Amino acid sequence: MNQTFPENSTAVGLDLGTSRVVSALCHETEVLYVSQFNAFTTIPFSKLTENTLKKERVPYLLQDSEIEVFGDESERFANLFHGEVRRPMRHGVLNPEERNSSIAVKQILSLVLGEQNGRGQRLCFSVPAPAYGATEEVNTHQVQMSKILCDLGYEVSSIQEGLAVVYGEMESTAYTGIGVSCGGGLCNVCLSYLSVPVFSFSVPKAGDYIDQSAALDRGESATRIRAIKEESFTFNGHFPNKNHQSICAYYDDMIQALVAAIRDAFSGAQSMPKLARAVPLVLAGGSALAPGFRDRFEKVLRETELPIAVSEVRLAANPLHSTARGALVAAMGEA
Ligand SMILES: Nc1ncnc2c1ncn2[C@@H]1O[C@H](COP(=O)(O)OP(=O)(O)OP(=O)(O)O)[C@@H](O)[C@H]1O
Ligand SMILES: [Mg+2]
């Protein structure tokens, strides 16, 4: 909880993810990343609990006669009490069914940005690309989040997540290629040519879909399936039990949906550039972390006829930081 934030950073990149919120700040020659789980949970009020949380600098708010705890600590409490956390965002945008969503997001922002005001620093935050026919929801989210961040004292801009992955990972190809972020709420894709986004879209199947579907299948909680997936799932073909089998089936379903969407979107694009050579594709996001994911994705991609040649499928150096890093590149580029 005692994170220190550099005072002299002039730009901030913010990955505002459904599952995790990550900030990227320049400190001398280094980029510092701070990450928190985008979730909260409620625990019973007692004065002793409140004082202990205060002393330990655990972020909390008093709500009616209960205490709300935010960020990584919410997961620890939920696990202790075998409960589920509440999530302020769903499918990449503020969750309209969670009445405390913007209060919770503000608390989580203070954990990754620090308590002090933005003092006019440039901040670029990630937004999801629209799924087909869902532009309005993303726009509403973008406007709401811009207001929250402006009120915190930042000079705010936004970037679509797939393009942020290109900015974060594809400097060596002059920001030409396909950025794919496989996250919690969505998979986001962007084709970029010399840093200019040609087109972007999202697919509403990602880590949360795998957790919720396998949980339903197995009669488990989504929190438990998520823990199994993150701690012990691999694509090596040997599944110690039926939970792993079920996770694999829904992971495959996600990959199939993602590759089919890439094929359809690229085939149907009006403004598809005539590229002289094959372009690389970079995989980022937490759902790309499962061992064997890159190989599994590439196999399905290579079996699919695409209107664009892909030279290589590469896993990002640090898939959990790519979006925040790209948002920082965008914020610095606005100098
Ligand atoms: N080691 C791992 N293996 C498999 N999945 C993982 C692993 N670590 C994290 N994940 C999954 O990655 C997802 C979160 O990824 P990420 O932090 O990139 O999402 P996000 O940016 O918050 O969401 P979105 O981009 O969809 O809004 C979760 O579903 C989480 O369970
Ligand atoms: Mg993301």
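Mentor: One definition before we start: helices (H or I, at least four residues) and strands (E, at least two) are DSSP runs, numbered from the N terminus. Keep in mind too that this is a predicted model.

Trainee: Okay, let me use that: in which loop does His 91 lie?

Mentor: His 91 catches the eye with a positive phi of about 50°, although it is not a glycine. Its place in the chain is the loop between E7 and strand E8 (93-94).

Trainee: And is His 91 buried or exposed?

Mentor: A residue counts as buried if 20 or more other C-beta atoms lie within 10 Å of its own. His 91 has 22 other C-beta atoms within 10 Å, so it is buried.

Trainee: What about Asp 64, buried or exposed?

Mentor: Asp 64 also has a positive phi, near 50°, and it sits in the loop between strand E5 (60-63) and E6. Twelve or fewer C-beta neighbours make a residue exposed. Asp 64 has 8 other C-beta atoms within 10 Å, so it is exposed.

Trainee: Let's zoom out. Into which domains is the chain divided?

Mentor: Some of the bounds come in several pieces, so read them slowly. The chain splits into domain 1 (11-39 + 75-166 + 321-333), domain 2 (40-74) and domain 3 (172-315).

Trainee: Which helix gives the largest share of the side of domain 1 that touches domain 3?

Mentor: The C-alpha centres of domain 1 and domain 3 are 21 Å apart, and 21 residues of domain 1 are in contact with 27 residues of domain 3. On the domain 1 side, strand E7 (89-90), helix H5 (161-169) and helix H10 (322-333) each supply at least two residues. The largest share there, five residues, comes from H5.

Trainee: How many of the residues of H5 are buried?

Mentor: Among the buried ones you'll find Glu 161, Gly 162, Leu 163 and Glu 169. The helix is mostly covered, and the count of buried residues in H5 is nine of nine.

Trainee: Now the ligand. Between which domains does ligand 1 lie?

Mentor: 24 residues surround ligand 1, and the closest are Gly 17, Ser 19, Gly 183, Gly 207 and Gly 286. Two domains give residues to that shell, so ligand 1 lies between domain 1 (11-39 + 75-166 + 321-333) and domain 3 (172-315).

Trainee: Which helix gives the largest share of the shell around ligand 1?

Mentor: The elements that give two or more residues to the shell are helix H6 (207-218) and helix H7 (222-232). By class, the shell has five nonpolar, twelve polar and seven charged residues. The largest share, three residues, comes from H7.

Trainee: Which helix supplies the largest share of the largest nonpolar core?

Mentor: That core has 86 residues, and Leu 123, Phe 125, Val 180 and Ala 327 have the most contacts inside it. Its largest share, nine residues, comes from helix H8 (residues 242-268).

Trainee: You mentioned Ala 327. How far apart in space are Ala 327 and Val 12?

Mentor: Ala 327 is found in helix H10, and it is buried, with 32 other C-beta atoms within 10 Å. Leaving aside neighbours up to four places away in sequence, it touches residues including Gly 13, Leu 14, Phe 125 and Ala 164. Ala 327 and Val 12 are 315 residues apart in sequence, yet their C-alpha to C-alpha distance is 7.6 Å.

Trainee: And how far apart in space are Ala 284 and Ala 317?

Mentor: Ala 284 lies in strand E14 (residues 279-284) and counts as buried, with 33 C-beta neighbours inside 10 Å. Beyond four places in sequence, its contacts include Val 165, Glu 169, Val 180 and Pro 319. Ala 284 and Ala 317 are 33 residues apart in sequence, and their C-alpha to C-alpha distance is 8.5 Å.

Trainee: Last one: how wide an arc around the axis do the buried residues of H2 cover?

Mentor: The buried residues of helix H2 (residues 72-80) are Glu 73, Ser 74 and Ala 78. They are on the same side of H2, because the arc they cover around the axis is only 140°.

Notes
Residues numbered from 1 in each chain as written. Chains lettered and ligands numbered in written order. Predicted model: local features only at pLDDT ≥ 70, side-chain atom pairs only at ≥ 80, totals over all residues. Domains from an automatic or database assignment. Contact = placed C-beta atoms within 7 Å. Near = placed C-beta within 6 Å. Nonpolar A, V, L, I, M, F, W, Y, C, P; charged D, E, K, R; others polar. Core = buried A, V, L, I, M, F, W, Y, C linked by C-beta atoms within 7 Å. Arc of directions from axis to C-beta.
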